[in-house]
Amino acid sequence: MTKEEIENGTADMEIDQRELMNGDRSELNAVPDGFNANYLKVYYGKLFPHADIFKWMSYGNDGKHPGCDESYFGRREFSFTLDNDIYLRFQSFNSASQLENSIKEKCPFKIDIGPVYSVDPAKRHAYAQSGNNVFTPVEKELVFDIDMTDYDDVRYCCSGADVCLKCWTLMTIAIKVIDPALRDDFGFNHILWVYSGRRGVHCWVCDPKARRLTNEQRSSIAEYFRVYKGNENSQKKVSLTSSALHPFLLRSYKVLEEFFEGNLLSNQSLFSTEERYEKILEMIPDESITSELRGKWQDNKKSSISKENINVDRWKHVKKILKSGKQKAPGLGKCVEEIVFSFSYPRLDMEVSKHMNHLLKAPFCIHPKTGRVCVPIDPNRCEEFDPTAVPTLSKLLEEINMGGLGTDDDAEWDRTSLGKSIRFFRSSFLQPLLKSCKEEIENSYNAKLQHSKTSLTW
């Protein structure tokens, strides 16, 4: 498959092994960078894990057990965004093959996943005409969306859609703060973290009790994580008013402090200029302290301290004065913690988490702006994740070319850099989830049988 054939959409879905045996192999393998609808055809045809998405969204309701709800998957909403921003909502499918065939046919630039409704979403109009208001969401994963653009006031390496390893630390912090709390404070087990493909991360909480939460309950959980409450016009964005930190905030602070002092201070050069350190001084509610610190730093403008060390040294000055206990101004007690929280605590898109009918991009989509795959992130090794090293659409096509023809469908993705991500998705998330779901279906079915027997006895 030559790059011209890919760009023109004339290449067959199978790679012609004979081509690879003739001419310059490296030239044939080369695929131009960027996002291309014809690249997507190959990706959806050979690499996208259709069956795994179906198994995940079925939650064990695969028709293989008498206790299964065979209508379950068919009531799930999928949304496709096609070329030219054509938006197809309320797509539904009754089988894995229907889902796969539709994706291959429509070749969506983005796939979003919505809730499970009370009835088939594709037939919602028919139910509406009956006069019964029965079309309503009944299940949806508890989801979280964290976007790097919400940190633009505290990151100086990038802005907007741009991301680098220096600011990606903020996403690492978010995972390290939220993931343990979901597990330890709420008892959730089946949690999937996914790179958004460009500038953030998504979290899917898939336990049965999470999927069945009401909007009010989802809002309560979202509020539990809400510490950062400021906007671009407010000077103080975090206010820790109680004398002692809540246990969750105390655990979080240990994570924040480690990354703030060991990474963000120097990498973001938080004290390197007057404009930047003034932003921090504005958060200290004692004019005598801010005047003292400002005077000391302005006197040291010609100091020989390196730019890297100046951030660490100035932060030490702040901590030393605020923790000395000599000042009595109200609000100073937690000022150090408030500064750390303001610059590093996760900033959630609250509305995404609060509403059951909110759609979220499916894992393993390709981001059209970057060409990167939305791959899962291991929360236990999230500090190793590098968004700039994620497989791209063009790279995957090159790897397919290098591999030649395969005989096993699964081996196709296994011979590419996407293989590691799909194996992780299966082993660490999907398999434990399905095992738990099938146990729940079995237990529920047996309980109903027992109840039926008891009723007959009476």
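## Glu292 in helix H13

With a relative accessible area of 40%, Glu292 is partly exposed, a value that falls between the 20% limit for buried and the 50% limit for exposed residues. This residue belongs to helix H13, which covers residues 287-299, and the model in which it is described here is a predicted one. Along the chain Glu292 and Ile321 are 29 residues apart, while in space their C-alpha atoms are separated by 9.5 Å.

## The chain overall

The chain has 458 residues, of which 48% count as buried, and its secondary structure comes to 19 helices and 9 strands. Its accessible surface amounts to about 22,000 Å², with 47% of that area belonging to carbon and sulfur atoms. When contacts between residues at least 6 apart in sequence are considered, 69% of them join residues at least 24 apart.

## Packing of helices H11 and H15

Two packed helices are described by the angle between their axes and the distance between the axes. For helix H11 (residues 247-267) and helix H15 (residues 335-344), the axes come within 9 Å and cross at roughly 75 degrees. Angles of 65 to 115 degrees count as roughly perpendicular, and H11 and H15 are therefore roughly perpendicular to each other.

On the H11 side, the residues that take part in the contact are Leu249, Tyr253, Leu256, Glu257, Phe260 and Leu264, and these meet Val336, Glu337, Ile339, Val340, Phe341, Phe343 and Ser344 of H15. By residue class, this contact between H11 and H15 is made up of 10 nonpolar, 1 polar and 2 charged residues.

## An open antiparallel sheet

Strands of a sheet pair through backbone hydrogen bonds, either parallel or antiparallel. In this model, 4 strands in the order E5-E7-E6-E9 form an open sheet, and their pairing is antiparallel. The edges are occupied by strand E5 (142-147) and strand E9 (376-377), each of which has a single partner strand, so one side of each is left without a neighbour in the sheet.

The partner of E9 is strand E6 (residues 191-195), and the two pair in the antiparallel sense over 2 bridges. Within this pairing, Trp193 has Ile377 of E9 as its bridge partner.

## Positive phi in two loops

Asn84 has a phi near 65 degrees, a positive value in a residue other than glycine. Its position is in the loop between strand E1 (76-82) and strand E2 (86-91), and at 68% relative accessibility Asn84 counts as exposed.

Phe364, which is not a glycine either, also has a positive phi, of about 70 degrees. The loop that holds Phe364 runs between strand E8 (360-361) and E9, the latter being one of the edge strands of the open sheet. Whereas Asn84 is exposed, Phe364 counts as buried, at 0% relative accessibility.

## Thr81 in strand E1

Thr81 lies in strand E1, the strand that precedes the loop containing Asn84. At 13% relative accessibility, Thr81 counts as buried, since this value is under the 20% limit. Leaving aside residues up to four places away in sequence, Thr81 touches Ile86, Tyr87, Pro108, Phe109, Lys110 and Asp112.

Definitions and conventions: Residues numbered from 1 in each chain as written. Predicted model: local features only at pLDDT ≥ 70, side-chain atom pairs only at ≥ 80, totals over all residues. Heavy atoms only, no water. Buried < 20%, exposed > 50% of the residue type's maximum accessible area, 1.4 Å probe, protein only. Contact = heavy atoms within 4.5 Å. Areas by Shrake-Rupley, 256 points an atom, 1.4 Å probe, with all protein chains shown as cover. Axes fitted to C-alpha atoms, helices over the stretch in contact; angles between N-to-C directions. Parallel < 35°, antiparallel > 145°, perpendicular 65-115°, else oblique. Nonpolar A, V, L, I, M, F, W, Y, C, P; charged D, E, K, R; others polar. Pairing = 2+ DSSP bridges.
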